[in-house]
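I sat down with my coffee and opened a new model today. These are my notes on what I looked up.

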Amino acid sequence: MKLLAKELRLTLHPSSAVFAFLGCLVMVPAYPYSVIFMFGCLAPYITFVNARETNDFFYTAALPVTKRESVGGKCLLVASLQLFQLLFSVPFVLLRGMLQIPNNPVGIDATLAWYGFGLILYGIFDLVFLTGFYKSGYKVGKAFLVASVPMVLLMAGMEAIPHIPVLSWLDSTQKEYLIGQLPILLLGLACFCICLMLAYRISAKRFEKVNL
């Protein structure tokens, strides 16, 4: 937890903190809500660029912590940003229902399935991005470009769901359909946790071989 506090105070880029609050975009009547997750992927990228440019990795190496613990701190930071963004959006989703804002005509609405797919997207992105970055410890752009491929594909898939009749129930906020979407949310949470643990283990193993 001390490393996470250090990451939040010294490494986190201000724009990344702003991105974490963009979960409120679910209030916009006609907006591709999958873009919210893109912001959640941009936040780690910008933060890692900031860390590289400010020599944070060398600073952390000078602290009484191992490389594995350093990777763990960064993984916790990424997960904290993304989970905060999703949790922050919940009150706005509820407010959206209270105000009876019509379903999103652009793509998938902010349903339980949307949260589940978002967690899957975050998990896969983190796995590809973190493991790619820690191959060298400085090639942030390359790692982000590679991780952007599954991110964009998943975003496109999410927005296409409402236009597929057999899957249209995943876009509904009616109670009976929300219950059916619950397994997708749980699957997404499991996928996020598993991918993050794999990302940590693979990244730590790779970073230990990097000569700073």
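My entries start with the whole chain and then turn to one serine.

**Entry 1, the model.** I am working from a predicted model, so I keep that in mind throughout.

**Entry 2, the fold.** I looked up the secondary structure of the protein chain and found eight helices and zero strands. Reading from the N terminus, I noted the order α-α-α-α-α-α-α-α.

**Entry 3, the dimensions.** I checked the radius of gyration, which is 18 Å for the protein chain. A compact globule with 212 residues would have one near 17 Å, so the value agrees. Along the principal axes, the C-alpha trace spans about 55 × 30 × 25 Å.

**Entry 4, contacts and burial.** I took the contacts between residues at least 6 apart in sequence, and 82% of them join residues at least 24 apart. Of the 212 residues, 46% count as buried.

**Entry 5, surface and charge.** The accessible surface of the protein chain comes to about 10,400 Å², and 73% of that belongs to carbon and sulfur atoms. I also looked up the 16 positive and 10 negative charges, whose mean positions are 11 Å apart.

**Entry 6, Ser89.** Which helix holds Ser89? I found Ser89 in helix α5, which covers residues 67–98. Is Ser89 buried or exposed? Its relative accessibility is 1%, so Ser89 counts as buried, the cut-off being under 20%.

**Entry 7, the partners of Ser89.** Setting aside neighbours within four places in sequence, I listed Gly23, Val26, Trp114 and Tyr115 as contacts of Ser89. With Tyr115, Ser89 also shares a side-chain polar contact of 2.7 Å.

Note on methods: Residues numbered from 1 in each chain as written. Predicted model: local features only at pLDDT ≥ 70, side-chain atom pairs only at ≥ 80, totals over all residues. Heavy atoms only, no water. Helix = DSSP H or I, 4+ residues; strand = E, 2+ residues; numbered from the N terminus. Buried < 20%, exposed > 50% of the residue type's maximum accessible area, 1.4 Å probe, protein only. Polar contact = N/O pair within 3.5 Å; in protein donor to acceptor, adjacent residues only side chain to side chain. Contact = heavy atoms within 4.5 Å. Rg over C-alpha atoms; globule rule 2.2 N^0.38 Å. Areas by Shrake-Rupley, 256 points an atom, 1.4 Å probe, with all protein chains shown as cover. Lys, Arg positive; Asp, Glu negative; His and termini not counted. Charge placed at Lys NZ, Arg CZ, Asp CG, Glu CD.
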